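Good morning, everyone, and thank you for making the time. I would like to walk through a structure that is new to most of you, taking one region after another.

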Amino acid sequence: MRAIIHKLCPFLSIRTPTIRINSFRVSASTRNITMSESDQAPPFDNPRLVVKKVQAKLQQEGDGAVVRRGIGRTDLKNLDPFLMLDDFSVTPPAGFPDHPHRGFETVTYMLEGGITHQDFAGHKGTIGPGDVQWMTAGRGIIHSEMPAGRETSKGLQLWINLSSKDKMIEPRYQELLRGDIERAEKDGVEVRIIAGESMGVQSPVYTRTPAMFLDFTLKPRAQMHQSIPESWNSFVYILEGEGAFGIPNSSPVAAHHVLVLGPGDGLSVWNRSSKTLRFVLIAGQPLNEPVVQYGPFVMNTQAEIDRTIEDYHYSKNGFEMAKYWRSQ
């Protein structure tokens, strides 16, 4: 079966199946507050602190693409319900040609350039800077993701696991253009609310696995305080600049690091530098289910993975159109 997948998707990193149940747990309150530099103390009884720091390292993915992988590698296999986080950079002719998925969701958030997506169900579209595609692969999808235009395209792609009851649902898409994403700003802090809520503003995105995805920008000397639902796991990925996370006197952390957050009421961040700090705060409700992953397929048991490989090879049970479809 491994030969089958490699033959049909030679650009995918196929790893030996693994079973993982993540044990990080968190807690939170319901406050969303920004404060001036003079207010030093976090407004939380038990602020979340950084319990693990992982530098996203460069690696090749797809067909000639380069990614910084922060989650989904040896240092941080997963963080329930999150399976992977890639900070990608794609310059034509590189890209991510036809490949399958089953059992989870992908969230693609564009930072520069554009990505053109098409799948075997006839869906096609291009997302540009600031746009988001939230794709639920469910029982099966085959698609391509290729750069739009001649320039380098950059963005984030997050994989979110689906619960056992949702793994075989029909695929669906939610696409938000830059102008459709809710924003809020106060005291030198700007947030783009891709999923979840911040500063009293709620995103319209429906997350089948409950999740939060916030893009924060802090001007120099600004600070922010964001609550996170009590039972959710959470992490930060720093896009640019450096900041102090958790407590005011913590050591500043620079770009391209994933910061796993421990238990607490919420996260506080301080930008002590003279430059802008930008990061995403991502959180989600853990599923607490076994994870068996085989490349682009994520199920709960090895038997389900074996059936998925068979379904893909014989174009059935969600992959019926795979036999005839090729991206253009």
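Which side chains does a polar contact of 3.3 Å join? The answer is those of His101 and His99, and before I go further with these two residues I should say that what you have in front of you is a predicted model, so please hear everything that follows as a description of that model.

Let me stay with this pair for a while. Both His99 and His101 are found in strand S7, which covers residues 96-101. Since the cut-off for calling a residue buried is under 20% relative accessible area, His99 counts as buried because its relative accessibility is 3%, and His101 counts as buried as well, because its value is 2%. The side chain of His99 also has a polar atom lying 2.6 Å from the backbone oxygen of Pro97, while the side chain of His101 makes a polar contact of 3.2 Å with the side chain of His143. If we leave aside the neighbours within four places in sequence, His101 is in contact with a list of residues that includes Thr106, Met135, Trp159, Pro296, Phe297 and Phe319, and His143 is on that list too.

Where does the UniProt record place its "binding site" feature? In an unreviewed entry, UniProt gives that feature at His99, His101, His143 and Glu145. These residues span 47 residues in sequence, yet no two of their C-alpha atoms are more than 12.7 Å apart, so they gather at one spot. Of these residues, Glu145 is included in the lining of the largest cavity.

Now let me turn to the strands that come earlier in the chain. Strand S5 runs over residues 65-71, and because five of its seven residues are buried, this strand is largely enclosed by the rest of the structure. Strand S4, residues 57-61, pairs with S5 in the antiparallel sense over five bridges, and within that pairing Gln60 stands opposite Val66. The two strands form a hairpin with three residues between them, and in the turn Gly62 has a positive phi of about 60 degrees. S5 also pairs with strand S6, residues 82-90, again in the antiparallel sense and over five bridges, and here Arg68 has Asp87 in S6 as its bridge partner.

The next topic is the nonpolar cores. Which residues touch the most other members of the largest nonpolar core? Of its 28 residues, they are Leu158, Phe213, Phe235, Tyr237 and Val258. Taking Val258 as an example, and not counting residues up to four places away in sequence, we find that it touches Phe235, Val236 and Tyr237, and also, among others, Val54, Gly70, Ile71, Leu76 and Leu85. There is a second, separate core of 24 residues, which includes Leu218, Phe245, Val253 and Val269.

I would like to finish with two residues that sit in loops. Is Val205 buried or exposed? Val205 lies in the loop between strand S18 (201-202) and strand S19 (211-218), and it counts as buried because its relative accessible area is 10%, which falls under the 20% cut-off. Leaving aside neighbours within four places in sequence, Val205 is in contact with Trp134, Gln174, Leu176 and Ile194. As for Leu176, which is 29 residues away along the chain, its C-alpha atom is separated from that of Val205 by 8.6 Å.

The other loop residue is Ser273, placed between strand S25 (266-270) and strand S26 (277-284), and at 17% relative accessibility it also counts as buried. Its side chain makes a polar contact of 2.8 Å with the side chain of Asn271, and a polar atom of that Ser273 side chain lies 3.0 Å from the backbone oxygen of Lys275. Not counting residues up to four places away in sequence, Ser273 touches Pro220, Arg221 and Glu242.

That brings me to the end, and I am glad to take questions.

Terms used. Residues numbered from 1 in each chain as written. Predicted model: local features only at pLDDT ≥ 70, side-chain atom pairs only at ≥ 80, totals over all residues. Heavy atoms only, no water. Core = buried A, V, L, I, M, F, W, Y, C linked by side-chain atoms within 4.5 Å. Buried < 20%, exposed > 50% of the residue type's maximum accessible area, 1.4 Å probe, protein only. Contact = heavy atoms within 4.5 Å. Helix = DSSP H or I, 4+ residues; strand = E, 2+ residues; numbered from the N terminus. UniProt positions renumbered as here; feature names shortened; annotations may be inferred. 1 Å grid on protein atoms, 1.4 Å probe; cavity = no way out; pocket = protein on both sides within 12 Å on 5 of 7 lines; lining within 4 Å. Polar contact = N/O pair within 3.5 Å; in protein donor to acceptor, adjacent residues only side chain to side chain. Pairing = 2+ DSSP bridges.
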